Amino acid sequence: MAKSTLSFVCQNCGAAYNRWQGKCESCGEWNTLAEEDTSGSVPVSIRSKRKGRTFALESLSGKSPDAPRLSSGMTELDRVTGGGFVRGSVLLVGGDPGIGKSTLLTQATSLLARAGHRVVYISGEEAVAQVRLRAERLGLSDAPVQLAAETSVEDIVSTLSEGAVPRLIVIDSIQTMWTDTVESAPGTVTQVRASAQALIRFAKKTGAAIILVGHVTKDGQIAGPRVVEHMVDAVMSFEGEGSQQFRILRAVKNRFGPTDEIGVFEMTGLGLREVTNPSELFLSERDLGTPGTAVFAGIEGTRPVLVELQALVAPTSLGTPRRAVVGWDPSRLSMVLAVLEAHCGVKLSGHDVYLNVAGGLRIHEPAADLAVAAALVSSLVNAQLPTDGVYFGEISLSGVVRPVAQTPARLKEAAKLGFQRAVLPESARGEPGGDAGLSLNAVNSLTTLVAEIAARGSRRGESSPPAEKNATPARFRRGEG
Ligand code: TYD
Ligand code: MG
C-alpha cells in the first residue's frame with residue numbers, strides 16, 4: 001500500500017504545504033489551498049527495490065523515420081505551432097471558457113480526418129450529441145473524426161492503444177480527466193497533473209500528438225492549467241475580448257517552434273475563419289477624424305501587424321486620476337506618461353487616461369511607446385493626427401526615441417495598406433530597405449513629436465485641412481459619402 005500523504009496544495013500554482021493557510025506564499029493567491037492526497041502512484045516498496053535497467057545512448061544526428069510534422073490544414077494554426085503538430089508531442093491550449101477552443105479543435109481535427117489521418121476527439125465536458133451538434137453547425141459532420149465522451153484516463157489509454165496509432169488526439173478538457181492512481185477529486189491539481197502525466201507518457205510511447213484543452217480560471221476553484229505548463233511541449237493561449245469576434249492564438253511556450261507568433265481568427269456563425277491579413281481586420285473599423293487615435297506598425301512574431309491605438313485624456317474629478325488600459329502593459333503606460341510630464345512639459349496629473357488597443361489585440365512590444373504617446377498628446381490637445389501615418393519607436397526614460405527591430409517589414413506593411421507617412425526613430429532612417437515609398441518623419445526625441453502635434457492643435461480651427469481627407473487610404477474611408 002502506498003503511504004497516504006495528505007497535504008494542502010494550491011489549486012492555482014500547485015505549491016504544497018503541510019498545513020492550511022489563507023494565502024499561497026508561492027503565487028500570492030488567497031483561498032486556493034485544498035487538502036489533497038499527494039502520494040505518488042508508485043508504491044514505496046516498488047520504488048525503492050526497482051533495479052535500474054541499461055539503455056542505449058544515441059547520437060544527435062539520427063534520422064527519424066517519419067515526417068516529423070503534421071500540418072493541420074489551417075495556416076494560422078500551423079503558424080503558431082511552428083509548422084504543424086510534432087509526432088509524440090503534447091500541446092496545451094488554454095483560454096477562457098467560451099472563447100472557442102472546442103470550435104477551433106473541432107475544425108482542425110475534421111480537416112485532418114478528411115485528409116485521411118486517424119484523429120480522435122475525446123470530450124470530457126460535452127456529450128457526444130453536443131459535439132455532433134457543433135460539427136453540424138460547422139458543416140463538418142461528414143469528417144471521419146473518432147469521437148467519444150470519456151473522462152477516465154485509463155479507459156482512454158486502453159482504447160487508444162488498440163488499432164492504428166492516432167495521429168492526433170484532442171482531450172477536451174484536461175480538468176475533467178481523472179485517473180485511479182491518485183485519490184484526489186477530478187479537477188484538483190494532483191488529478192490534473194497525474195492525468196496529464198499519463199497522457200504525455202502515452203504520446204511519447206506511441207508517437208501520437210496530443211492536444212490538451214485547459215480552462216483558465218481566476219478564482220482558483222478548478223486547477224489552472226498552469227500546473228501542467230512545464231510538463232507539455234508547447235503552450236498556446238487562445239485570447240479575445242468577449243464582445244469582439246476576433247480571436248488570437250498565441251504561442252506562450254514552444255519546444256519546436258517560435259514563441260512570438262500569433263494566429264488570427266474571426267468567430268463567425270459558421271465557426272472560426274482564418275484571417276490571413278490581420279492589419280486589414282484591425283484597421284477595418286477605424287474611427288477616422290477623431291483626435292486620440294494613432295496607428296501602430298507592430299510586429300507579431302515574423303509578421304507585421306498594423307493596429308489602431310485609441311486614447312482618451314480627460315480632466316479628472318477624482319483625487320487620484322484614473323488610468324485604464326486594454327491590450328497594453330499598464331506600467332508601460334505609466335512610464336510614457338511620466339516621460340511626457342518630466343521631459344515634454346505635458347501635464348497629465350490632472351487628467352484621467354484611457355488607452356485601448358482596437359480589435360482585442362494585446363501588444364507586448366515596447367515599440368508601441370511612440371504611437372501611444374502620439375495618441376495621448378493628440379487627445380489632450382484635441383488635434384487629429386494624419387490619418388495616413390503610422391508610428392513606431394521605443395521611448396527611453398530620458399525621452400529619447402530609440403530604434404526598434406524590423407523597420408523595413410513595418411514600413412512595407414504600412415505601404416501595402418496605403419499609408420503614406422511614418423513617424424519613426426531617427427536611427428531607422430539609414431536602415432537598408434527602410435524606404436518603402438513612405439515619407440519618413442524621423443524623430444530623435446519625444447519633445448519633437450509633442451511639439452509637432454501641439455502645433456497641429458493650435459492650427460486647428462484656423463484652416464481645417466481638406467487635403468488631409470483625400471490623403472486617407474481609400475480602403476479605410478468610411479461614411480464619407
Ligand atoms: P466553444 O468552442 O464551445 O468555446 P470553449 O470550448 O472555449 O469553451 O465556443 C463557444 C462560443 O462560440 C459560443 O458562445 C458560441 C460561439 N460560436 C459561434 O459564434 N459560432 C460557431 O460556429 C460556434 C461553433 C460557436
Ligand atoms: Mg469547450
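The expected span of a helix is 1.5 Å times one less than its number of residues; helices (H or I, at least four residues) and strands (E, at least two) are DSSP runs, numbered from the N terminus. This is a predicted model, in which local features need pLDDT of at least 70. Residues are numbered from 1 along each chain as its sequence is written.

Select residues 369-380, helix α10. Its 12 residues reach 16 Å from first C-alpha to last, close to the expected 16 Å. Of these 12 residues, 11 are buried (under 20% relative accessible area, 1.4 Å probe, protein chains only). Among them are D369, L370 and S379. Then click N382, which follows α10 and has a positive phi, near 55°.

Next, select strand β18, residues 351-357. Five of its seven residues are buried, so β18 is largely enclosed by the rest of the structure. Add β16 (residues 303-315): seven bridges join β16 to β18, and the two run antiparallel. Strands count as paired if DSSP finds at least two bridges between them. Look for V313, whose bridge partner in β18 is V353. Now add β17 (residues 323-326), which pairs with β18 in the parallel sense over four bridges. Here A324 stands opposite Y354 of β18.

Last, select α5 (residues 153-161) and α6 (residues 189-206). Their axes, lines fitted to C-alpha atoms over the stretch in contact, come within 10 Å and cross at roughly 10°. The two helices are therefore roughly parallel (an angle under 35 degrees). Show the side chains of V153, V157, L160 and S161 in α5 and of S195, A198, L199 and F202 in α6, which make the contact (heavy atoms within 4.5 Å).

Definitions and conventions
Chains lettered and ligands numbered in written order. Predicted model: local features only at pLDDT ≥ 70, side-chain atom pairs only at ≥ 80, totals over all residues. Heavy atoms only, no water. Axes fitted to C-alpha atoms, helices over the stretch in contact; angles between N-to-C directions. Parallel < 35°, antiparallel > 145°, perpendicular 65-115°, else oblique. Buried < 20%, exposed > 50% of the residue type's maximum accessible area, 1.4 Å probe, protein only.
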